[in-house]
Amino acid sequence: MKYVSNIISIMKKEFLHILRDKALFSIIVIAPLLMSAIVSGVYIKHKTVEIPIVVYDQSKSDLSRMIIRSFDDSERLNVVKNVESYSEMKEWLDSEKAYTAIVIPEDLKEKIKSGRSTDVAIIINGTNILITNTVATSTSQIVQTISSSITLKIIEGTGVSKKKAYEAVTAINFRSRTWYNPTTSYLFFMILGLIGTIMQQTIFLGTAISIVKERERGSWNMLVLAGLKWYELFIGKFLVYFLIFSIDMIILYYYALNILNVPMIGSAGLFFITMLLFCAVIIFLGMIFSIIVNNSIQAIQYAMIIAVPSFMLSGFTWPIFAMPDFIQKISYSLPLTYFLNTIKMQSMMGAGYDYCKDDLKALLLFMIFAGLIAALGISIKYKTE
């Protein structure tokens, strides 16, 4: 039948079209496979395991060691350090080398022996909701096990009165406190990251499409005839985009901090510098991208592929340490990873330069490296257009 042969002809033509169009082939065939593999790989462990915790053991008794072992034996928790002071404990939490601290009082054993209750503090870094919830659930289970064990040991003695038995049941009271995001607000946790991701895509795509369209129209030929140098074009374009997108970012973050009341505990100046660095990095990447693609349609297609994975791999919603090693390497190659981490620390934890310097240095290196490549690419294209 003729209509069947026509359908087959159209199908053959469409297959050939997809195979010949590299951009279309990448989007239809390669991108879904690659993105699915990477995104599913992020959650391959199904749950957050071995969350690093520190212990401030002031008791240093056999009972306190038993408590520490109980936490360390948990699949989801990992005791990475026994600190010797409150300031050292705070430093580990502030630097996010650990996300939870267990504080055991000096008189733990004496109070238990005398039948009195005592408090063991569990301090949680609440900037990541996923980690907070995981730690809260895990510690609750561990506490029940420890309390039952201590209760049994006390009741093993003879002649225990009802009052004594009741005191034994409540021998240890674990009191949990969440730092940095005590209300565990999902808004505080998500909004800064979402704005950063939206701005990344806007800056990246806006810069790329603008330059690509000029190339498509042949506008650069007129600039060459007018005697303009490539570096004048490069600097002029960068300054325009830098000014526009910097204002956009300031407006959006002002909205988040003042209208939505997202906390800003740290330095507003350092926060502003971080935004400017990130803005410059993405503009340069957009310029590089505009040199690679052939037209604005390709720019939009490829930019859409980049958007979602970069946010998911940035470590903002799912901790990087819980990802497979090869995906961690991808995460640390993204400017968004360093930007989102440092603005979270600045806004919610009040982190200063000392705690953010590694992220800021990474953004600075990204800016220098991307800027040099962008300048080189613009100079070559400008001379050959």
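User: Let's start with Glu96: does Glu96 count as buried or exposed?
Analyst: Keep in mind that we're looking at a predicted model. The cut-off for buried is under 20% relative accessible area. Glu96 comes in at 12% relative accessibility, so Glu96 counts as buried.

User: Where along the chain is Glu96 found?
Analyst: Glu96 follows just after H4, and it takes a positive phi there. That phi is near 60 degrees, in a residue other than glycine. As for its place, Glu96 sits in the loop between H4 and strand E3 (100-104).

User: Which residues are buried in helix H4?
Analyst: H4 covers residues 86-94, and Glu96 comes just after H4. Within H4 itself, the buried residues are Met89, Trp92, Leu93 and Asp94.

User: Which residues does Met349 touch, leaving out those up to four places away in sequence?
Analyst: Met349 has its place in helix H14. Its relative accessibility is 11%, so Met349 counts as buried. Glu96 turns up again here, as one of the residues in touch with Met349. The full set is Leu93, Asp94, Glu96, Asn125, Thr127, Tyr180, Ile265 and Lys344.

User: How far apart in space are Met349 and Pro263, C-alpha to C-alpha?
Analyst: Along the sequence, 86 residues separate Met349 and Pro263. In space, going C-alpha to C-alpha, the gap is 9.2 Å.

User: Zooming out, how many helices and strands are in the protein chain?
Analyst: The protein chain has 385 residues, and buried residues make up 48% of them. Its accessible surface comes to about 19800 Å², with 64% of that belonging to carbon and sulfur atoms. The count you're after is 15 helices and five strands.

User: Among contacts between residues at least 6 apart in sequence, what share joins residues at least 24 apart?
Analyst: Met349 and Pro263 gave us a pair 86 residues apart in sequence with C-alpha atoms 9.2 Å apart. For the chain, take the contacts between residues at least 6 apart in sequence. The share of those joining residues at least 24 apart is 80%.

User: Is H11 roughly parallel or roughly antiparallel to H14?
Analyst: H11 and helix H14 (residues 335-349) pack with their axes 10 Å apart, at an angle of about 170 degrees. Angles over 145 degrees count as roughly antiparallel. That angle therefore makes H11 roughly antiparallel to H14.

User: How do the residues of the contact of H11 with H14 divide into nonpolar, polar and charged?
Analyst: On the H11 side there are Leu270, Phe271, Thr274, Met275, Phe278, Val281 and Leu285. They meet Pro335, Leu336, Phe339, Thr342, Ile343 and Gln346 in H14. The contact divides into 10 nonpolar, three polar and no charged.

User: At roughly what angle do the axes of H10 and H11 cross?
Analyst: Helix H10 spans residues 230-259 and helix H11 spans residues 268-292, and their axes come within 9 Å. H10 is oblique to H11 because of the angle between them. The crossing is right-handed. Its angle is roughly 135 degrees.

User: And how do the residues of the contact of H10 with H11 divide?
Analyst: H10 brings residues including Phe234, Lys237, Phe238 and Ser246. From H11 come residues including Phe271, Phe272, Met275 and Cys279. They divide into 19 nonpolar, one polar and one charged.

User: Which residues does Leu257 touch, not counting those up to four places away in sequence?
Analyst: Leu257 lies in helix H10. With a relative accessible area of 19%, Leu257 is buried. Its C-alpha atom is separated by 9.8 Å from that of Ile191, 66 residues apart along the chain. The residues Leu257 touches are Leu192, Val262, Pro263, Met264 and Phe271.

User: What is Gln200 in contact with, leaving aside neighbours within four places in sequence?
Analyst: Gln200 is found in helix H8 (residues 186-217). Its relative accessible area is 8%, which means Gln200 is buried. The contacts of Gln200 are Phe278, Ile282, Ser310 and Leu336.

User: Last one: what does Lys60 count as, going by relative accessibility?
Analyst: Lys60 lies in the loop between strand E1 (51-57) and helix H3 (62-72). Its phi is near 50 degrees, a positive value in a residue other than glycine. At 48% relative accessibility, Lys60 counts as partly exposed.

Methods:
Residues are numbered from 1 along each chain as its sequence is written. This is a predicted model: local features need pLDDT of at least 70, side-chain atom pairs count only at pLDDT 80 or more; totals for chains, interfaces and linings use all residues. Side-chain values use heavy atoms; hydrogens and water are left out. Helices (H or I, at least four residues) and strands (E, at least two) are DSSP runs, numbered from the N terminus. Buried means under 20% relative accessible area, exposed over 50%, partly exposed in between (1.4 Å probe, protein chains only). Contact means heavy atoms within 4.5 Å. Accessible areas come from the Shrake-Rupley method with a 1.4 Å probe; for residues, only the protein chains shown count as cover. Axes are lines fitted to C-alpha atoms, for helices over the stretch in contact, and angles run from 0 to 180 degrees between N-to-C directions. Angles under 35 degrees count as roughly parallel, over 145 as roughly antiparallel, 65 to 115 as roughly perpendicular and the rest as oblique. A crossing is left-handed if the near helix is turned anticlockwise from the far one by less than a right angle, and right-handed if clockwise. Ala, Val, Leu, Ile, Met, Phe, Trp, Tyr, Cys and Pro count as nonpolar, Asp, Glu, Lys and Arg as charged, and the others, Gly among them, as polar.
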